[in-house]
Each structure stands twice: as structure tokens, then as C-alpha cells.
Amino acid sequence: MSHIQEDRKKLVARVRRIGGQVASLERAIAGDGECGAVLQQLAAVRGAVNGLILQVMEGHLRSHVAGSGNAKQQDELLPVLAVLRSYLK
């Protein structure tokens, strides 16, 4: 089973939260929101999307690249995931 199928509920919930953030951002811009507040909301949306990207990418790498049965490959994946986490923060 695909890692996306296994994590479907969590991923959909995360996407819905991002949708709420984007809707709030739209209201702030349409309603003459203050520049600082808009920038803060933009940063929050970016962080949320980066978190979603990381979650899907990590699942893909663990499931399809390193394989679930090979401990050595899983261990070699840890530094790659650490770099991705720091990059997507």
C-alpha cells in the first residue's frame, strides 16, 4: 500500500488546515489587512506547505527509495532527511 494511502487522513487534515490559512490570507488582503499581518500569514502558509512537502517526501523516500526491509538503506536515509528538514524549515 502506498504511503499516501496509509497517511491519507493526516494528509487531508493538513491540506484542509492549509486551505484555511490561505482563505484567511485572502480575507486579510481583500480587507485591507496590515502589511505585517499579511507577511506573517504568508510565512505561516509557506511553513505549512513545506511541512506537507516534507511529510510526503519522507514517506516516499522511506517506502519507495530505501525500502522497508533494508535497515542499512534506512540508516543511510537519515542524513538525507536531516538535510531536507533543515532546508524546508
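1. Val-83 sits on the surface. In this predicted model, its relative accessible area is 54%, so Val-83 counts as exposed. The cut-off for exposed is over 50%. Val-83 belongs to helix H4. Ser-24 is a distant partner for comparison: the two are 59 residues apart in sequence. Their C-alpha atoms lie 31 Å apart in space.

2. Confidence comes next. The protein chain has a mean pLDDT of 90. Of its residues, 97% reach 70 or more. Among the elements of the chain, helix H2 has the highest mean pLDDT, at 96. Helix H1, residues 3-6, has the lowest, at 84.

3. Now the geometry of H4. This helix covers residues 71-87. Its 17 residues, at 1.5 Å a residue, should span 24 Å. The end C-alpha atoms are 25 Å apart, which agrees with that expectation. The helix is bent, however: H4 turns by about 30° at Leu-78. A proline, Pro-79, follows within four residues of that point.

4. Which residues of H4 are buried? They are Gln-74, Leu-77, Leu-81 and Leu-84. The general rule for helices is useful here. An α-helix has 3.6 residues a turn, so residues three or four places apart point the same way. The buried residues of H4 pack against helix H3, residues 35-65.

5. Gln-74 is the polar member to check in that buried set. Its relative accessibility is 16%, so Gln-74 counts as buried. The cut-off for buried is under 20%. What does the side chain of Gln-74 reach? It reaches the backbone oxygen of Arg-62, at 3.2 Å.

6. Glu-58 deserves a close look. This residue is found in helix H3. At 19% relative accessibility, Glu-58 counts as buried, because the cut-off is under 20%. Glu-58 touches Leu-81 and Arg-85, leaving aside residues up to four places away in sequence. Leu-81 is itself one of the buried residues of H4.

7. How many salt bridges does a search of the whole structure find? The search returns 3. One of them joins the side chains of Glu-58 and Arg-62, at 3.1 Å from N to O. Glu-58 and Arg-62 are 4 residues apart in helix H3, so about one helical turn separates them. Arg-62 has 28% relative accessibility and counts as partly exposed.

8. Glu-58 also forms a salt bridge with Arg-85. Here the closest N and O atoms are 3.2 Å apart. Glu-58 lies in H3 and Arg-85 in H4, so this pair ties together parts that are 27 residues apart in sequence. Arg-85 is partly exposed, with a relative accessible area of 34%. Glu-58, Arg-62 and Arg-85 are thus named together: they are linked in a network of salt bridges.

9. Another salt bridge pairs Glu-76 with Lys-72. The closest N and O atoms of this pair are 3.6 Å apart. Both residues lie in H4, 4 residues from each other, so they are separated by about one helical turn. Glu-76 is partly exposed, with a relative accessible area of 46%. Lys-72 counts as exposed, at 58%.

10. Last, a backbone point. Asp-32 has a positive phi of about 60°, although it is not a glycine. Where does Asp-32 lie? It lies in the loop between helix H2, residues 8-30, and H3. Its relative accessible area is 72%, so Asp-32 is exposed.

Technical notes: Residues numbered from 1 in each chain as written. Predicted model: local features only at pLDDT ≥ 70, side-chain atom pairs only at ≥ 80, totals over all residues. Heavy atoms only, no water. Helix = DSSP H or I, 4+ residues; strand = E, 2+ residues; numbered from the N terminus. Buried < 20%, exposed > 50% of the residue type's maximum accessible area, 1.4 Å probe, protein only. Polar contact = N/O pair within 3.5 Å; in protein donor to acceptor, adjacent residues only side chain to side chain. Expected span 1.5 Å × (residues − 1). Bend = angle between axes of the 7 residues up to and from the residue. Contact = heavy atoms within 4.5 Å. pLDDT = per-residue confidence, 0-100. Salt bridge = Lys/Arg side-chain N within 4 Å of Asp/Glu carboxyl O.
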